[in-house]
Amino acid sequence: MRNFIFVFILLFSVNSFSQAQISQDNFEGNSTITTWFGDSCGMDNSFANPFQNGMNTSAKVLKYTDGGGLYANVRFDAGFYYNLNTSSTFTLKIYVPSSGITGAQTNQISLKLQNGSAASPWATQCEIKKPIVLNQWQTITFNFASDPFINLDPTSQNPINRSDFNRVVLQINGENNTSQVTAYIDDFYYSGAATVFNTLVWSDEFDTNGGINNTKWFPQTQLPNGNSWYNGELQHYTNRLVNSSISNGILSIVAKRETFTDQGKTKQFTSARLNSKFAFKYGRVEARAKLPLGAGTWPAIWMLGKNIIEPGGYWTSTFGTASWPACGEIDIMEHWGTNQNVVSSAVHHPINGNLSVGEYISNAQNIAGVSTDFHIYAVEWDAQKITFSVDGINHLTYNPAVKNQYTWPFNAEQYLLLNVAIEPSVTAGFVQSAMEVDYVRVYQQTALENNNLEKENNLVLFPNPASNEITLKTNENLLGSTVSVFSLLGQELNSFLLNSEEITLNLSNYQSGIYILKVNSPTGIQSYKFIKK
């Protein structure tokens with residue numbers, strides 16, 4: 001909704017859905033890892049397991065042979081950036097026979113995370129070293145939230161606060177030596193939960209007739225430069241009922257052709273611009289709306305940083321510290337009446353090196369009947385990315401490889417705006433039209449730990465993560481409740497009655513990933529997360 005100097009447009013394909021971050025390989029065909037690479041070493045990732053005993057009787061493993069290369073390692077690129085703040089643990093099995101070792105190196109394995117997109121990936125490295133025992137299979141766990149780690153650059157942040165890792169490097173017995181080692185690796189596994197926003201934290205259902213709820217919305221009316229709004233817009237925004245009112249469960253923001261004088265300026269159009277009195281960091285916003293009709297109308301459902309300096313804005317007097325675009329802008333929905341059935345979304349941020357000049361990434365999709373039918377406009381925003389959709393179909397994801405004050409001012413609270421602007425392209429015959437909003441809802445994440453601790457509604461899931469079965473254990477208080485299992489995309493996969501204090505759920509037909517289990521009881525609906533390995 002703002003004007004800017006430099007424009008950068010990047011198009012994304014429609015129908016792409018965000019998935020859980022999973023990196024796994026059992027070297028027998030069950031892999032999400034596209035390609036393994038060997039640096040200064042021999043590598044065979046379909047090698048017959050020479051030690052089918054103990055904890056690992058699988059047929060195939062990865063064979064790693066360091067013949068004396070100074071920097072021998074094996075590695076892969078994940079295809080996404082790991083969110084260690086959500087899930088920080090990597091596991092693998094390893095067998096190192098003593099017969100394949102020369103020299104006097106420490107028996108260990110290192111797991112290193114790097115930014116494979118950087119010009120010098122090793123410069124971004126964070127490493128965990130773990131001791132190994134020779135001549136036996138063992139499971140090694142690397143936890144970047146709790147294990148001691150080594151940043152190659154000592155000025156780097158704690159790894160759980162970083163979002164630039166997309167490469168995994170495995171190294172046996174250290175580097176910068178000519179010693180030899182043979183090792184066998186199996187069952188590499190990482191599962192990072194896609195963020196699930198399942199707790200309603202704020203909403204307006206517009207279920208009372210009359211004016212807007214003044215505890216939730218602030219009508220922004222002050223001309224920011226004393227003369228007009230941005231982008232050559234023609235309207236005055238007002239706090240009058242004729243421009244914003246609620247009737248029969250619908251908020252109407254009405255743009256009208258009328259002569260209206262305010263703040264010493266006379267204009268020929270009026271409308272409304274509402275600021276939410278609620279601000280938040282990360283979540284899902286849904287708004288069900290029907291858009292105005294007519295060339296020159298410019299409705300928007302969008303967000304600005306709570307720290308914006310903008311005369312007349314609700315948050316500026318108390319929290320204003322940054323001008324646009326340094327505050328960041330997230331456009332959930334924009335529509336131009338001159339392009340009737342096209343709905344656009346965008347992310348605005350400063351151009352690299354200049355906080356006062358903006359650039360944007362944008363994409364749109366064709367939606368029939370946006371001015372005759374209600375549609376659900378949504379955004380999901382977490383520490384990694386921002387994804388936009390209409391009626392559940394994604395059309396834009398913003399996830400910059402480097403997140404800094406220029407590319408990612410989206411690490412602080414934002415607030416919502418609803419408005420209809422009038423462009424200079426408005427036709428002579430335009431009289432009035434409204435954006436009608438059925439509801440606005442904000443969801444955030446519930447803390448759903450992957451452990452066996454008892455929840456408030458006395459349901460325990462174990463083991464979690466699970467392989468082919470997971471057990472639900474509860475008490476008599478929840479007997480008779482309905483249990484439903486959903487995919488992360490909201491598809492209901494199973495539903496049954498909780499008719500016993502202990503029930504085993506068969507997961508053999510479930511794909512690896514994250515699932516949501518919901519228990520509908522007389523006390524309400526409780527949600528749980530579980531992982532299928």
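**Aromatic contacts and an internal cavity**

In this predicted model, Tyr-398 counts as buried, since its relative accessibility is 4%, below the limit of 20% that defines burial. Phe-410, at 0% relative accessibility, likewise counts as buried.

These two residues also belong to the aromatic contacts of the structure, for which a search of the whole model finds 33 aromatic pairs. The ring centres of Tyr-398 and Phe-410 are 6.3 Å apart and their planes meet at 85 degrees, so the pair is classed as edge-to-face, a class that applies to planes over 60 degrees apart. Because Tyr-398 belongs to strand β27 (residues 393-398), whereas Phe-410 lies in the loop between β27 and β28 (414-422), the pair ties together parts that are twelve residues apart in sequence. Elsewhere, ring pairs join Phe-27, Trp-36, Phe-76, Phe-80, Tyr-82, Phe-90, Phe-144, Phe-188 and Tyr-190 into a cluster.

Aromatic rings also take part in contacts with lysine side chains. Lys-403 lies over the face of Trp-408, at a distance of 5.2 Å from the ring centre, and the charged end of Lys-130 sits over the ring of Phe-142, 5.8 Å from the centre of that ring.

With regard to internal space, the structure holds two cavities of 30 Å³ or more, and the second largest cavity contains about 30 Å³. The lining of this second largest cavity is formed by Asp-66, Ile-101, Thr-102, Gln-105, Ile-172, Asn-173, Asn-177, Ser-179, Gln-180 and Val-181, and its residues divide into six polar, three nonpolar and one charged.

How values were computed:
Residues numbered from 1 in each chain as written. Predicted model: local features only at pLDDT ≥ 70, side-chain atom pairs only at ≥ 80, totals over all residues. Heavy atoms only, no water. 1 Å grid on protein atoms, 1.4 Å probe; cavity = no way out; pocket = protein on both sides within 12 Å on 5 of 7 lines; lining within 4 Å. Points joined across faces, edges and corners; volume = space filled by probe spheres on them. Nonpolar A, V, L, I, M, F, W, Y, C, P; charged D, E, K, R; others polar. Phe/Tyr/Trp six-rings, centres within 6.5 Å; stacked < 30°, edge-to-face > 60°. Helix = DSSP H or I, 4+ residues; strand = E, 2+ residues; numbered from the N terminus. Buried < 20%, exposed > 50% of the residue type's maximum accessible area, 1.4 Å probe, protein only. Lys NZ or Arg CZ within 6 Å of the ring centre and 35° of its normal.
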